[in-house]
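Colleague: I am new to this structure and would like to go through it with you, one question at a time. Could we begin at the ligand and then move on to the sheets and the core?

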Amino acid sequence: MLPLSLATLDQLSQDVVRPAYDPRATTIGIVHLGVGAFHRAHQAVYVDDILGHDPQWAIAGASLRRADMRDALAPQDNLFTVAVRSGEGTQLRVIGSLRSIDVVPENPAAILARMVDPAVRIVSLTVTEKGYCHDPATGDLNTAHPDIVADLANPRAPVSAPGLIAEALRLRRAAGIVPFTVMPCDNLPSNGPTVHRIVAQYAALLDPAFGRFVETDVAFAGTMVDRIVPATSEEDIAGISEALGVTDAWPVVSEPFTQWVIEDRFPTGRPDFASVGAQMVADVEPFEKMKLRMLNGSHSTLAYLGYLAGYETVSAAMANADIEKLCRDLMTDEVIPTLDLPEADLPAYRDALIARFHNPALKHRTWQIAMDGSQKLPQRLLGTVRDRLATGASIDRLALGVAAWMRYVTGTDENGASIDVRDPLAARLKALGDTAGRDADALVKAYLGVEEIFGRDLRDNKRFSDAVKRGLAMLLEKGARATVAAYAAG
Ligand code: CS2
């Protein structure tokens, strides 16, 4: 089979949706850092719709670490397929909005040159939680992060996201070009203000006056992004290529649902995001909080409990009635009461999430969601825990989620097999677990002492530590399935 490319677009199977415009006739208006699967199945699709009527917003992408995505997509003119899957079948769409991919470690100057182009008015990011090089408990820049240490020593050739944004803003300022708007699209709490603070703190370490400029003269537009996009498998690549009639070296697979809520703060211009289904709002925080606590909080809980219970995917875990009930009760009893979003019908949102988690056509691995828990727990579970503790409300299921994470990061599963724990703190977490042994009290004490995750307040909160201990003791003694059954019954 021939590869997917501009030249083979007219050879695609009849029912494949293709760009409604000529990708060669577009110009770059957005630079995106972190062109992973999520970006390609989310923002790139919205922008593909925009390019049909406004060609000035095509995307120049950058990979911050690896060259594999660039190498896969370059021979296909950066075209790729989004396969939307549900119980009803698969729908294929070829996306043309990503026009280039630069690999930052190979040549930071290339992406910086694109970021300095006056036609670029937005720099967006999906670099995952850990890509912001911050302390997840406080949201401040982690000045000891190796990438930040490297960038502060060599700020003209940055490797980190804060370093790249700051250097591009400095170059624009020196050339008299207005700043771009920074638009983070990761699952961080208050991602606009948080990333603004991180970049301003980094800039201030280079030069206090530059730090003040970033603080006052650069706009950061917060967003709530939502679409479930599991990692692409070899099987997906073969099946999608077969259905296309040409080979796509790296398609992406996603659910039908998609949502994008954007804080409308783009002083130098933006595409008409609302015309392609995004919600433009003055304050995105309530939406972010709802999504992080409901969707991602349940997702992480399902990932740790589901993995320990022996389920490979989210839909397999959800087929266990106890797990489904625990997930529903977690949202109803412990999360919804902490949210303040009058516009949204939260019970309906919950029911829609449960249906999405059941999607049998998505092979979303519990192991994938379990990754980087140290970066995810604070905004997914611990903020909710704090709000509940402040009002004296119950936290049992939230605490069980935290206990399941602790059980998981010990690195050994219920059959004694080792778990491939991927986390920036993995080595430290494993060592803490090894020292504490299989004793719930000792484990909880050791893990709650990791201040970057729990802060001091949660470490010292007896109600919280008791609830986590109860969950962890049961997980260690009875295993995940029986523990979930007991919690679901209670
Ligand atoms: C997931 C998210 O991998 C994870 O941690 O919880 O990627 C989730 O699928 C998305 O946030 C859905 O919008």
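Colleague: How do the residues of the shell around the ligand divide into nonpolar, polar and charged?

Modeller: Please keep in mind throughout that this is a predicted model. The residues around the ligand are Asn-187, Asp-226, Arg-227, Ile-228, Leu-295, Asn-296, His-299, Gln-368, Ile-369 and Lys-376. Sorted by character, the residues of this shell come to three nonpolar, four polar and three charged.

Colleague: Which helix gives the most to the shell around the ligand?

Modeller: Two helices, H10 (285–308) and H14 (366–370), each supply at least two residues of that shell. The helix that gives the most, with three residues, is H10.

Colleague: In what order do the strands of the five-stranded open sheet lie?

Modeller: The pairing in this sheet is parallel, and its edge strands, each of which pairs on one side only, are E5 (98–103) and E7 (181–184). From one strand to the next the twist averages 25°. Read across the sheet, the order is E5-E2-E1-E6-E7.

Colleague: Which residue in E7 stands opposite Ser-124?

Modeller: Strand E6, residues 122–125, pairs with E7 in the parallel sense over four bridges. Within this pairing, Val-123 has Val-182 of E7 as its bridge partner, while the residue standing opposite Ser-124 is Met-183.

Colleague: Which residues of E7 are buried on its two faces?

Modeller: Although E7 is an edge strand that pairs on one side only, both of its faces are covered. On one side the buried residues are Thr-181 and Met-183, and on the other they are Val-182 and Pro-184.

Colleague: At about what angle does helix H4 run to E1?

Modeller: Helix H2 (residues 43–51) packs on the five-stranded sheet, where it touches E1 (28–33), E2 (58–63), E5 and E6, and its direction makes about 155° with that of E2. Helix H4 (residues 108–116) lies across E1, E2, E5 and E6, and the angle at which H4 runs to E1 is about 135°.

Colleague: Which strands are at the edges of the three-stranded sheet?

Modeller: This second sheet is also open, with mixed pairing and the order E8-E10-E11. Its neighbouring strands are turned against each other by 15° on average, direction ignored. The strands that pair on one side only, and so form the edges, are E8 (223–226) and E11 (279–281).

Colleague: What is the bridge partner of Val-225 in E10?

Modeller: E8 and E10 (residues 259–263) run antiparallel and are joined by four bridges. One of the pairs matches Met-224 with Val-261 of E10, and the bridge partner of Val-225 is Trp-260.

Colleague: Why is E10 described as largely enclosed by the rest of the structure?

Modeller: On its other pairing, E10 runs parallel to E11 and is joined to it by three bridges, with Ile-262 standing opposite Met-280. E10 is called largely enclosed because of its count of buried residues, which is four of the five.

Colleague: Which residues touch the most other members of the largest nonpolar core?

Modeller: In soluble globular proteins, nonpolar side chains tend to be buried together. Leaving aside neighbours within four places in sequence, Ala-404 is in contact with Thr-301, Tyr-304, Leu-305, Leu-308, Leu-475 and Ala-480. Of the 139 residues in the largest nonpolar core, those touching the most other members are Val-199 and Ala-404.

Colleague: What separates the C-alpha atoms of Leu-73 and Ile-101?

Modeller: Leu-73 lies in helix H3 and counts as buried because it has 22 C-beta neighbours inside 10 Å. Beyond its neighbours within four places in sequence, its contacts are Asn-78, Phe-80, Ile-101 and Trp-250. Leu-73 and Ile-101 are 28 residues apart along the chain, and their C-alpha atoms are separated by 8.4 Å.

Colleague: Is Asn-78 buried or exposed?

Modeller: Most residues other than glycine have a negative phi. Asn-78, in the loop between H3 and E3, has a positive phi of about 60°, and in that loop Asp-77 also has a positive value, near 55°. Because 26 other C-beta atoms lie within 10 Å, Asn-78 is buried.

Note on methods
Residues are numbered from 1 along each chain as its sequence is written. This is a predicted model: local features need pLDDT of at least 70, side-chain atom pairs count only at pLDDT 80 or more; totals for chains, interfaces and linings use all residues. Axes are lines fitted to C-alpha atoms, for helices over the stretch in contact, and angles run from 0 to 180 degrees between N-to-C directions. Two residues are in contact if their C-beta atoms, placed from the backbone, lie within 7 Å. A residue is near a molecule or strand if its C-beta atom, placed from the backbone, lies within 6 Å of it. Ala, Val, Leu, Ile, Met, Phe, Trp, Tyr, Cys and Pro count as nonpolar, Asp, Glu, Lys and Arg as charged, and the others, Gly among them, as polar. A nonpolar core is a set of buried Ala, Val, Leu, Ile, Met, Phe, Trp, Tyr and Cys residues joined through C-beta atoms within 7 Å. A residue is buried if 20 or more other C-beta atoms lie within 10 Å of its own, exposed if 12 or fewer, and partly exposed in between; C-beta atoms are placed from the backbone.
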